[in-house]
Each structure stands twice: as structure tokens, then as C-alpha cells.
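Please open the model in a viewer and keep the sequence panel at hand. The tour below proceeds by selections, each followed by a description of what is found there.

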Amino acid sequence: MESVKKRIRKDFQPLTIAVSLKIMTPNSPASQVYNSENGEYEPDRGVTPLVILPEVIANCTDGSWNTPYANELLSEMKWYINGKEASTVASWNGKYSIDTVGSTRGAITINRNISPGESFELHFEGVVADTRLGANIPVKTDTITLSTVDKSEDEYSLSIGDDQIIRYNPFEDALLLYDYKVANGLTTASTSARNAALNENAYERSISVSVHKGDTLLASGYTLNLYSIGSGGVLTQLTTAKHEIITLTLTKITMDLRLIEKGDFLLVVNVGGKEKARKQFSINRVYPKFDVEPASGVSINPGETTHYNKVMVHYNGNIVPVPAPILKMVWFTDTENLTGVQHNEGTETVITLSRTGIGNTYLDDWLDIYVEAEQKPIFKVMTDASGTEYTDKSGNVYIN
């Protein structure tokens, strides 16, 4: 007799999706310059189009998702211009196209020049199909602003020496690794070593600021204000009293990207109390795909009471030498008798075998060891219960 059938499905974990806008054309940025003397745009997008990619990165903690760069899975793709679907904006008719193939699926190619005085905010919306769960996951990017500066004798302009969309990836941050090694006695503090770690991937990000009046580069005679853009476009002025702002001068901003998950910022140039120029930029923390596994698979000898292991993390084809400042890692074991037994958190473990339920017969003398890992969220300034910040003897706040 055939028994009653029970359908048992795989229990997939949901996807974690990060989406950000990436300018693919360094010679054609989001900002243009209009030369009123000869009536030309620099660059002329009719000749050098602007290409913006909504880069979609998908990941899953159970390892069941094999397409980290998921643009090719996008559907229902729509670009919006000042909140309206692009195909309904008459002035953009025939001035753009959307890529529908491969890894750049969803990218918009813009051939339209932006006149001085015009300003357009663009964002992308689409859907990623998760075939494991039979679900369509909506994705939506932040906005990017397209504008043009009139290059005239009395016109002020503002530019930054960085991408309009800045992405911070802790896996590529040599300064974060240096700080961790120094704090844990793994290396000696060295000014030269720290300076060597200060590159374009470091959490301590210096953004140069250039203010021009016509063709003249200014270094004084104006004030520079920095604002965060909140919900509904509400502006909050930022100063060095906020720990994510390390320095703010007329020519440079230095920010601590460890403290920023996702943010939109606005720089404003004021002369005589009047706004003369502005520039918007964004910062996004990214969560790329990585793989993690126990390093040792050595058998357990009879009579042993403990088992030692350490974690091995792979990112972008390389082994991460010190994953502790980037990932939270918790050790687990399964045996025939007990499953999901949680042990310690960290890069290494010493497991008391009697806790695991491992047996002494060929039916139960096995043990599966594994690590559940996730990227740590943004760092925070450490405070006591009343909100008072902890500092060292020199007055530097503790950030963890």
C-alpha cells in the first residue's frame, strides 16, 4: 500500500539585494558645462553619451544564489525623470535608450544635453525574479541629478574630485584592516603604514572641492556648507560636531564612511549670504558576495574532548586575511543526535565535543561544523546608557 504523500520543500533564505547607480562613462559625467561664448556643451552628449547603470548585487546567506551580479535578471525596467516615467516626458523623446541585454541590462544611455537652469533627477525601478522562492523582488535606486553650469565670467560653479555616487566596500578597506591589527596587537602603529592604507577604498574618504568664478579657481571669498538630505528633501546642516565629518574646509571634506549606511548630501557655495552654486552626492555602503567555510576537515580521534577550527573567507577570488572587522561569524554543529548547536562567535573556535552529541558508532560518529556569517552593519560611536560618549585619554571617541 502506498502511503499518504507529503511534499517537503527546500527552505531557501531570502535574497539580500543592494542596488546603486554607477556612471559608466568617465568622460561624460552627470554634470555638464555650457560655454555661452561658442554655444557648446562640455561634454556634448550628442557625441559622448552619458551611461548610467543601476548595478544590482544579490546575495543569500545559505549559498543557494549563484548570480551575485543580477542585472541580467531584471524585468519591468523603468527610468523616472523628476518623478515621471521617462517615456512620458516629451522633452526626452528619442534622447535616451535602455539596455536590455546581459550584465548592463537596465543601463540608460543619455544623448540629451541639459540646458543651463535645467535640473533633472533620475532614478531606476525594476524587478528581480527569485526563481527559488517564486517571488518578484522590487528594486529602486537613489536619485542622481543631471545639471549644467554656465561657463560665463561671473558664474560660480562647484565640483568635487570624486564620483557623484561614492560606494564603500569594507572588504577592500586596507585602513580598516590596519586599525584592527593595531588595536589587537597584531602590528605596531606606524604613520607610514597608516598613510599607505589611505587610498580610494579607505573609510577615511577625502573629497576635494573646487569652486570657480568663471575660469578662476577660488580659495577664499565664499563659505561652503554641507547638508544631509532627509526624507522629503529636508536639509540638515552638518559640521565636524558630527563624527562622520572629520574635516570640512573651503577646499576639502573628509568623511568617515564607517558611520554611513546610505546617505544623500548637498554642498552649497554662499557668497554674501546668497547661494551661488550647489553639488549633490551620495554615499552607499555595499554588501558584496563572499563565501565562508571552516578551514579544517581533519578527523576526530577517539579520546579527544575538544575540536579546534578556524574560518576561511573568500572574496573576489582571494582569501580575506583578517575577516573579523568585516563579518560577524557564529559557529554551529550538527550531529545525528543534535542539530543547530550554537558555539562561539569569532574567527576561531574550540568546541567541547560532549556538547555536540557526537556518538561512538558508525551511525552517529560524525559531526558537521559550519559558520553562519553576515557582514557587520555600520560602526557606531560607543556611549553609556545616558548617551555620554566613551573616549580615550586623548579625548578621541571609541567607534565600534
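Begin by selecting strand β20 (residues 262-271) together with strand β21, which pair in the antiparallel sense over 10 bridges. Strand β21 covers residues 274-285. The two strands form a hairpin with two residues between them, and G272 there takes a positive phi near 60°. Next, label G263, which stands opposite I283 in β21. Keep I283 highlighted, for this residue of β21 is also the bridge partner of I166. To see the strands involved in that second contact, add β13 (residues 165-168) to the selection: four bridges join β13 to β21, and these two strands run parallel. Strand β21 is thus seen paired with β20 in the antiparallel sense and with β13 in the parallel sense.

**The whole chain**

Zoom out at this point. The model is a predicted one, and colouring by pLDDT is a useful step. The chain averages a pLDDT of 89, and 97% of the residues score at least 70. Among the elements of the chain, select strand β8 (residues 108-110) for the highest mean pLDDT, 97, and strand β2 (residues 31-35) for the lowest, 84. The secondary structure comes to two helices and 28 strands. Taken along the principal axes, the C-alpha atoms fill a box of roughly 90 × 70 × 40 Å. Of the 400 residues in the chain, 39% are buried.

**A second hairpin**

Select strand β25 (residues 327-334) and strand β26 (residues 341-345), an antiparallel pair with three bridges. Within this pairing, V330 has E345 of β26 as its bridge partner. Six residues lie between the two strands of this hairpin, and G340 in the turn has a positive phi of about 65°.

**Aromatic pairs**

Now display the aromatic side chains. How many aromatic pairs does a search of the whole structure find? There are seven. Select F171 and Y315 as one example: their ring centres are 4.8 Å apart and their planes meet at 25°, so the pair is stacked. This pair links distant parts of the chain, since F171 is in the loop between β13 and α1 (174-183) while Y315 is in strand β23 (residues 306-315), 144 residues apart. Both F171 and Y315 are buried. Another stacked pair is formed by F332 and Y370, with 5.7 Å from centre to centre and 15° between the planes. Here F332 belongs to strand β25 and Y370 to strand β28, at a separation of 38 residues. Are F332 and Y370 buried or partly exposed? F332, at 12% relative accessibility, counts as buried, whereas Y370, at 24%, counts as partly exposed. Return to F171 and Y315 and add F290: the three residues form one aromatic cluster.

**Salt bridges**

Switch the display to charged side chains. Side chains of opposite charge can pair when their charged atoms come close. The structure holds 10 salt bridges, and three are visited here, starting with R132 and D130, whose side chains meet at 2.8 Å, N to O. R132 and D130 are both buried.

Move to R205, which forms a salt bridge with D162; the closest N and O atoms are 2.8 Å apart. R205 lies in strand β14 (residues 204-213) and D162 in the loop between β12 (156-160) and β13, so the salt bridge ties together parts that are 43 residues apart in sequence. R205 and D162 are likewise buried.

Remain at β14 and select E204, whose side chain meets that of R194 in a salt bridge of 3.0 Å, N to O. Because E204 lies in strand β14 and R194 in helix α2 (residues 191-197), this pair ties together parts 10 residues apart in sequence. E204 counts as partly exposed at 21% relative accessibility, and R194 is partly exposed as well, with a relative accessible area of 25%.

**A surface patch**

For the last stop, turn on the molecular surface and select M382, Y390 and Y398, which make a nonpolar surface patch of about 300 Å². Y398 is found in the segment after β28 (368-375). With 42% relative accessibility, Y398 counts as partly exposed.

Notes:
Residues are numbered from 1 along each chain as its sequence is written. This is a predicted model: local features need pLDDT of at least 70, side-chain atom pairs count only at pLDDT 80 or more; totals for chains, interfaces and linings use all residues. Side-chain values use heavy atoms; hydrogens and water are left out. Two strands pair if DSSP finds at least two bridges between them. pLDDT is the predictor's confidence in each residue, from 0 to 100. Patches are made of residues with over 30% relative accessible area and no salt bridge: like charges are joined within 9 Å, nonpolar side chains (Val, Leu, Ile, Met, Phe, Trp, Tyr) within 5 Å. Accessible areas come from the Shrake-Rupley method with a 1.4 Å probe; for residues, only the protein chains shown count as cover. A salt bridge is a side-chain nitrogen of Lys or Arg within 4 Å of a carboxyl oxygen of Asp or Glu. Buried means under 20% relative accessible area, exposed over 50%, partly exposed in between (1.4 Å probe, protein chains only). Rings of Phe, Tyr and Trp (its six-membered ring) pair if their centres lie within 6.5 Å; planes under 30 degrees apart count as stacked, over 60 as edge-to-face and the rest as tilted.
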